[in-house]
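Ready to work through a new structure? Grab a pencil, take the exercises one at a time, and try each task before you read its solution.

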Amino acid sequence: MTDEQKTGSKPADAAPAASAGPPVKVEPERLEWLEPKSLAFRWDGGTGPIAMTIADQRTFLRIHAGQAYPQSDERRFIQFFDSRKDGQRGEPVGMLRNLDDLQPEQQKIVQECLKRSYLVPRVLRIVDIHDEYHLVRWTLETDRGPVAFDMDNIYKNIQRRPGGRVVLTDTHENHYEIPDRKKLDRESRAMLDAYL
Amino acid sequence: MNDGNPTGWSAVSIRPVPADIAQALEAQGFKPERCVLCVDSRVLPDGRYGESWLAVGDERLAVVSRNGHAPEASWTARLNEVKGASTQKVTGGGVLVVNVAGKPQEVLRYDAGHAPLFGEVAQRIQRHVAPPKKEEKDAELAGKGAAESAPSAAAEAPAPPLDFKELLKKQRELTCPSCLRLYPKNTKVCPFCVKRSSTIRRVMAFAKPYRTKILLMAFLMFTGTALHMVEPQIVRILVDDVIGKPQNARMLLPLIALMGLLMFVNYGIGIWRGRLGIWVGCHVTNGIQGQAFEHLQRLSLSYFNKQQTGALMSRVNNDARQMQGFLVEGIQYTVINVLMVIGVIAMLLWMNPLLGLMLLAPMPVVVVLSAVIWKKIHRRFHLLWNAISAATAYLNDALSGVRVIKAFGKESEEVGRFGEKIAYSRDSMIDAEQTWQTLVPVLNMIVHTSLLLVWYFGAQQIYDDPEGKTFTLGSLMAYIAYLGMVYGPLQLLTRLNDWLSRSLTAAARVFEILDVEPEISDRPDAKPLPEVKGEIEMRGVTFGYEKHTPVLKNVSLTIKPGEMIGLVGPSGAGKSTFINLVGRLFDVDEGAILVDGHDIREVKTADLRRQVGYVLQDTFLFSGTVAENIAYARPGATKEEIIEAAVAANAHTFIMKLPDGYDTFLGERGTRVSGGERQRIAIARAILHNPRILILDEATSSVDTETEARIQIALGTLVKGRTTIAIAHRLSTLRHADRLVVIKDGEVLEQGSHAELMAKEGGEYRKLVNIQTEWSRNIAVGG
């Protein structure tokens, strides 16, 4: 945040004096739309940090990124965050309207950045689902490789969303996403439908 | 009811005045032409049910009740001695209290259904004998609002005449003309007078689009039954002409093949008919359900205030499903079984009238017995069902209240209580199932004894007719087959009445919703409301959820475009009612509300609501994504607009922290958000809606100071440039208000800026602020 705004929009002198306002100072949120041409990203590959420079003036050595609409619009509205000292996601820096406005190699860096913050594998194929005592054991192929996990309470942990989306949650609160149930192969779909 | 309305009285009564009551009144000197009102309360002065009639004449008032035998006047007073009238609410009804020469007298009791009537009667009498004057409170009033709220000329205004014509007309519309009972609230369908036939006709109206399919079903039923009738005849031929005559052995295979074919066709027809039936039944129910839901959405808020949401849900779902059960299976079974019974009886009589009559003799016994037995069984299953739902309800309570149970260390008591409940349902289940297991075989046994009759009398007939001219062994076999076909349907038909009643009640309950008329609807000549500047004027607004107990009394107030008004007052003062009226969630009883000079009752409601936005205390989030919830009032909003609105509502940062950002699923089975976050989503929703007039009923009492600060910032953005009416439960949240309006007991008490109101010695606002300051100081010290 560069410029500071005063808390509240109306003059505070009209406020009831007896019950003084909260002592906590809170900044109103602002959103900076980033100009794609002014952005430069750097990544040395591997698990190294991703850096961003805005208009050759502000440089963030380690940034985080996240989509505003990771489900419905994954290439647009990308929010960048500064990094805190401990490496956690920090203050928001600005938002990019469209990933496609960047140069292709820059896009790749941002995508790598996004991939780091959004760990929800997409299910490509269901290999097996079977009941084991009170748990359901799932064996899946995902875009991040094969995975097997257990699920309890199928009513809570298999969630159907509009557009055929299904979100699975395992006993460790990991999420697995089926983007569109109808686009699964027939066998996978038959197995899944038995649990919906 | 009693014999007709003696001449003249009908003009002043709702229900016809019985002759003896009229006589008693006339004996008291009342004449119909000199009376303005003659109504009864159905409760005697001692509280028992009976007839008590209140008559209001031009000079006198009287109450005549039928106490045991002859009606007599239990109370009478001269009108010029009446100093006032009021009603006193008691549980289950009320009492009309008339002040005669300074002494209040309880003159008439009435039940809850009649409370609105006598409430208005009392109000009118009160207004006649003591026209409203400027109240004593005026002395305390200050500011502009006070002068507007009660014109001083009222004191000299002449008393309004005692006129009940309009009230009588309204009440007559609320009374069922055939049984003279009051209709249940909000509907004009009398549950006592709903005819089965009319309900069936209405259900059938929903079936009309599917009539070709229904005709096909009827045809299939008819053919199926006819084919069933043929089977025993083939058996007869088989026994008499093929098995009994070895020379005809070559006919054996073709006949069996014919039987097989018949069977095949019959089952085929059964499947076809069954599938059709389900299709039609589900479509009809679905149509009714859809219409009921659509109608519910159109109804005014006042309807939902008086109905339990659970009960409504059950109507739309369970009752519709119950109807569906009947439509899908009931009608088919009924028709098929009736056809079957008629067909079998005809066949039995046709084959051998004498034997037929003899065999049918036990039929009435079976019918009566099975009716009795079913009643017994049904009652037990009903008890069982109750026991099970009681146990379920208890379980639900105990599990949702588990924190309280643990906090008080009552686990073992609760286990004991649950034990009792399930023990009861266990016993009910044993009782019901054992009765079933006993009575059903007994009934079957009785049915089967009639088979013994067939064997005996059939054999006799064969002995008497050795040549087999009229009765043969084959005929006997056919008889046995026919008897097997008739007793099953007979038993089913005895349950039909019960089934039909339940389904029709369910249907009637659903139709009841369809029959409710929305209280607030656009007038036929409603004008479109152009984009407004946002000026609001309340002109002498009086309103009560029950008309006889006003919540807002003669409120007048003008709000300038862009002005922010803070409503202050103790709970129950009428603040929420005030804001509900502005969006026309209810219609005012007296006076008018004008937006930019347009009476809101004269414009299209949809236009008005588009320009009035609400941010309510209990922010409701629908099952859907964050983005969908924000864009609820403007489904066409772009993703960027949604983000901008969230930023303005100070909600963007927390939304970006949710697992799926703006695509995060909220609601019952989705991600949970805190109260403060919920509120900011609601504020973002309102910012995107962008109404000219904004109504805030915000609750910030349950959030921490930091969250409150965030909400305050969001509200600051939201109210900018809009006419705003805000209810604040904490005075500190009114910092943005241009003017504060203090409401108490439905009246505007004070208005002005914070400083002006604080400067007022003994002012209501000052009192409220002091209480709150004291309160927070105590917390600060104690906490």
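## Exercise 1: Cysteines

A search through the whole structure, which is a predicted model, turns up 0 disulfides over all chains.

**Task.** Take A:Cys113 and B:Cys282 and work out for each whether it is buried or partly exposed.

**Solution.**
- Step 1. Recall what is being looked for: a disulfide is a covalent bond between the sulfur atoms of two cysteines.
- Step 2. The cut-off for buried is under 20% relative accessible area.
- Step 3. A:Cys113 has a relative accessible area of 3%, so this residue is buried.
- Step 4. B:Cys282 has 31% relative accessibility, so this one counts as partly exposed.

## Exercise 2: The two chains side by side

**Task.** Describe chain A and chain B by their helices and strands, their buried residues, their contacts and their surface.

**Solution.**
- Step 1. Start with chain A: there are 3 helices and 13 strands.
- Step 2. Chain A has 196 residues, and 42% of them are buried.
- Step 3. Now look at contacts in chain A between residues at least 6 apart in sequence: 37% of these join residues at least 24 apart.
- Step 4. The accessible surface of chain A is about 11,600 Å², with 48% belonging to carbon and sulfur atoms.
- Step 5. Move on to chain B, which has 23 helices and 19 strands.
- Step 6. Of the 783 residues in chain B, 45% are buried.
- Step 7. For contacts in chain B with a separation of 6 or more, 68% come from residues 24 or more positions apart.
- Step 8. Chain B exposes about 39,700 Å², and carbon and sulfur atoms supply 59% of that area.

## Exercise 3: Salt bridges

**Task.** The structure holds 40 salt bridges over all chains. Find the partner of A:Asp73, of A:Asp100 and of B:Lys760, and say how well covered these residues are.

**Solution.**
- Step 1. A:Asp73 pairs with A:Arg76, and their closest N and O atoms are 3.0 Å apart. A:Asp73 is buried, at 13% relative accessibility, while A:Arg76 is partly exposed, at 32%.
- Step 2. A:Asp100 forms a salt bridge with A:Arg75, with the closest N and O atoms 2.8 Å apart. A:Asp100 sits in the loop between strand S7 (89-98) and helix H1 (104-117) of chain A, and A:Arg75 in the loop between strand S5 (64-67) and strand S6 (76-83) of chain A, so the pair ties together parts that are 25 residues apart in sequence.
- Step 3. Both partners are partly exposed: A:Asp100 at 43% relative accessibility and A:Arg75 at 28%.
- Step 4. B:Lys760 meets B:Glu750 in a salt bridge of 3.6 Å, N to O. B:Lys760 is in the loop between helix H22 (754-758) and helix H23 (764-782) of chain B, and B:Glu750 is in strand S19 (residues 747-752) of chain B, so this pair ties together parts that are 10 residues apart in sequence.
- Step 5. B:Lys760 counts as partly exposed at 21% relative accessibility, whereas B:Glu750 counts as buried at 4%.
- Step 6. Finally, salt bridges that share partners join A:Asp73, A:Arg76 and B:Lys639 into one network.

## Exercise 4: A sheet and its helix

**Task.** In what order do the 4 strands of the open sheet in chain B lie, and which strands stand at the edges?

**Solution.**
- Step 1. The order is S9-S8-S11-S12 (chain B), with antiparallel pairing.
- Step 2. Strand S9 (552-559) and strand S12 (598-599) of chain B are at the edges; each has a single partner strand, so one side of each is left without a neighbour in the sheet.
- Step 3. Zoom in on one pair: strand S8 (residues 536-543) of chain B is joined to S9(B) by 5 bridges, and the two run antiparallel. B:Glu537 has B:Thr558 in S9(B) as its bridge partner.
- Step 4. Now add helix H15 (residues 575-582) of chain B, which lies across S8, S9 and strand S11 (590-595) of chain B and runs at about 120° to S8(B).

## Exercise 5: A hairpin

**Task.** How many bridges pair strand S2 (residues 39-43) of chain A with strand S3 (residues 50-54) of chain A?

**Solution.**
- Step 1. The two strands pair over 5 bridges, in the antiparallel sense.
- Step 2. One bridge partner to look up is A:Ile54 in S3(A), which goes with A:Leu39.
- Step 3. The hairpin of S2(A) and S3(A) has 6 residues between the strands, and A:Gly45 takes a positive phi near 90° there.

Key:
Residues numbered from 1 in each chain as written. Chains lettered and ligands numbered in written order. Predicted model: local features only at pLDDT ≥ 70, side-chain atom pairs only at ≥ 80, totals over all residues. Heavy atoms only, no water. Salt bridge = Lys/Arg side-chain N within 4 Å of Asp/Glu carboxyl O. Buried < 20%, exposed > 50% of the residue type's maximum accessible area, 1.4 Å probe, protein only. Pairing = 2+ DSSP bridges. Contact = heavy atoms within 4.5 Å. Axes fitted to C-alpha atoms, helices over the stretch in contact; angles between N-to-C directions. Disulfide = S-S within 2.5 Å. Areas by Shrake-Rupley, 256 points an atom, 1.4 Å probe, with all protein chains shown as cover.
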